[in-house]
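Thanks for coming. I will show one structure today and then talk through one helix and one pocket.

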Amino acid sequence: MKPLPTAAPGPEPARAADRCHVDGAGFRSLMSSFPTGVTVVTSTGWDGSPRGVTCSSLSSVSLDPPTLLVSLKTQGSTLDAIRSRGLFAVNLLHARARRAAEVFASPVEDRFAHVSWRPTGAEGLPRLVEDAFAVAECAVSSLFDVGDHTVVLGEVAAVDARPDVPLLYGLREFSAWPATGQDHRADRTRGIPR
């Protein structure tokens, strides 16, 4: 069998000082035109207190091992808790959870006083019981800084999901996934006791 040719080396990447960047407003405008689901990423601090923040930067990375990615502000208390505990939960919000998304996106002192929550069964991570239709419990596998954010890779240890209509964010406003005629609220549990 003939060996495959190797790829030709590409051009050297430009040095950071030589690169051009779009301004923040232009980048926000671009990303606002890409609708995405809305999550609240949660963990607990070293003192056991719940921490959480709204996040629309969620992506699947790998099926084996099951791994997802979230991107969080580097200077945030939720990321501090994740770094210290090594665990986090991703709460996928349903279409009726706009208030929770706004609370966790704002500088409210005690965000968890404004929502109903309880610890997950496996790791005791904060689960938004009235606002999330699915929760994934994750163990941190890697962290790396990119600009003013930190990318967190987490291996998914447990999932609890019920069909529902997801909350979306795009064009700087919240919306719901279009109705499909199916009953999205049928109950189904996988992995995390309620």
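A term to start with: buried means under 20% relative accessible area, exposed over 50%, and partly exposed in between, with a 1.4 Å probe and protein chains only. This is a predicted model, where local features need pLDDT of at least 70, side-chain atom pairs count only at pLDDT 80 or more, and totals for chains, interfaces and linings use all residues. Residues are numbered from 1 along each chain as its sequence is written, and side-chain values use heavy atoms, without hydrogens and water.

The chain has 194 residues, and 35% of them are buried. It contains three helices and twelve strands; these are DSSP runs numbered from the N terminus, H or I of at least four residues for helices and E of at least two for strands.

Now the helix. Which residues of helix H3, residues 98-105, are buried? They are Ala100, Ala101, Val103 and Phe104. Viewed down the axis of H3, these buried residues lie within an arc of 165°, so they line one face of the helix. That arc is taken from the directions from the helix axis to the C-beta atoms. The cover over them includes strands S2 (39-44), S3 (50-55), S6 (87-93), S8 (126-128), S11 (167-170) and S12 (173-176).

Contact means heavy atoms within 4.5 Å. Of the contacts in the chain between residues at least 6 apart in sequence, 63% join residues at least 24 apart.
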